[in-house]
Amino acid sequence: MRIQIKRKPSWKQLFIGLAGVNAILFILFFTLLLWPVSGAEMPEKTYIEEEPGAEFTVNSSKQNLSELVNEYVDKFMKDQSDKYTVDFGENVRLRGSIEAFQTEIPLSITLEPSVQENGDLVLYASDMSLGLLQLPEKKILEYVKKELETPNWVNIDPSSQSIYIGITQMEIKSNFKVKVQSFDLKNDQITFRIKVPNKTLGL
């Protein structure tokens, strides 16, 4: 994973003094980067450009992202640990099982990612299966929305057959602001823009 520091004129002098420690601090905090505060109320939606601070560009890989996402899924699901997994190949694939007709039925959903202008991510379902049941794809997503617990910044929309990931609406322990810049799975180029607000550094 390569970290690039994007300097802004208002931060020029500060970056000169902190250039050596920024990378180290960033690596230490990255494992907490996508870890929302449990039980916290959702903040008002803001754009990353609206708050002054130091901005970073983080280049990740499918392997790193997969480890982070699945660790979060295991933590969020608690007693359903390992019931659901997210795979990143040329697209995103959600695997697991849901209870339907009083039995556990295997679930598989293939999703195509699309980066939104505001830095959020939409996953459009391109293929879905619920065991051997012959059900409309809309009905499958309705079952998923009913059975699968998700954070309040994730919205499953059966009518549009999509899952909206509100990256910019996440509340991070470190108070970082996160925005997706690129999500090219085929070329394994996943980029996030991270902003550390001035107030986080006591400025």
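**A first look at our predicted model**

Hi everyone. This protein has 3 helices and 10 strands. Please keep in mind throughout that we are looking at a predicted model.

Let's walk along the chain. Starting at the N terminus, the order of elements is β-α-β-α-β-β-β-β-α-β-β-β-β. So that you can place one of them, helix α3 covers residues 137-147, and strand β6 covers residues 121-130.

Now for the overall picture. The protein has 203 residues, and 42% of them count as buried. What about the surface? The accessible surface comes to about 11,500 Å², and carbon and sulfur atoms account for 50% of that. As for contacts, take those between residues at least 6 apart in sequence: 55% of them join residues at least 24 apart.

Let's go inside. How many residues does the largest nonpolar core have? It has 43 residues, and those with the most contacts inside it are Tyr84, Val92, Leu107, Ile109, Ile165 and Phe183. Strand β6 gives the most to this core, contributing 5 residues.

I'd like to pause on one of those core residues, Ile165. If you leave out residues up to four places away in sequence, Ile165 touches Asp120, Leu121, Leu123, Trp153 and Val154. Two of the names there, Leu121 and Leu123, fall in the stretch 121-130 of strand β6, the strand I just mentioned.

Next, the charged pairs. How many salt bridges does a search of the whole structure find? The search finds 2.

One of them pairs the side chains of Asp87 and Arg95, at 2.9 Å from N to O. Are these two residues buried or exposed? Neither, quite: Asp87 is partly exposed, with a relative accessible area of 32%, and Arg95 is partly exposed as well, at 36%.

Then there is the salt bridge between Glu142 and Lys139, where the closest N and O atoms are 3.1 Å apart. Where do these two residues lie? Both are in helix α3, 3 residues apart, which is about one turn of the helix. Glu142 has a relative accessibility of 31%, and counts as partly exposed because buried would need a value under 20% and exposed one over 50%. Lys139, at 37%, is also partly exposed.

To recap, we have a nonpolar core of 43 residues, with strand β6 giving the most to it, and 2 salt bridges in the whole structure. Thanks for listening, and do have the model open while we chat!

Key. Residues are numbered from 1 along each chain as its sequence is written. This is a predicted model: local features need pLDDT of at least 70, side-chain atom pairs count only at pLDDT 80 or more; totals for chains, interfaces and linings use all residues. Side-chain values use heavy atoms; hydrogens and water are left out. Helices (H or I, at least four residues) and strands (E, at least two) are DSSP runs, numbered from the N terminus. Buried means under 20% relative accessible area, exposed over 50%, partly exposed in between (1.4 Å probe, protein chains only). Contact means heavy atoms within 4.5 Å. Accessible areas come from the Shrake-Rupley method with a 1.4 Å probe; for residues, only the protein chains shown count as cover. A salt bridge is a side-chain nitrogen of Lys or Arg within 4 Å of a carboxyl oxygen of Asp or Glu. A nonpolar core is a set of buried Ala, Val, Leu, Ile, Met, Phe, Trp, Tyr and Cys residues joined through side-chain atoms within 4.5 Å.
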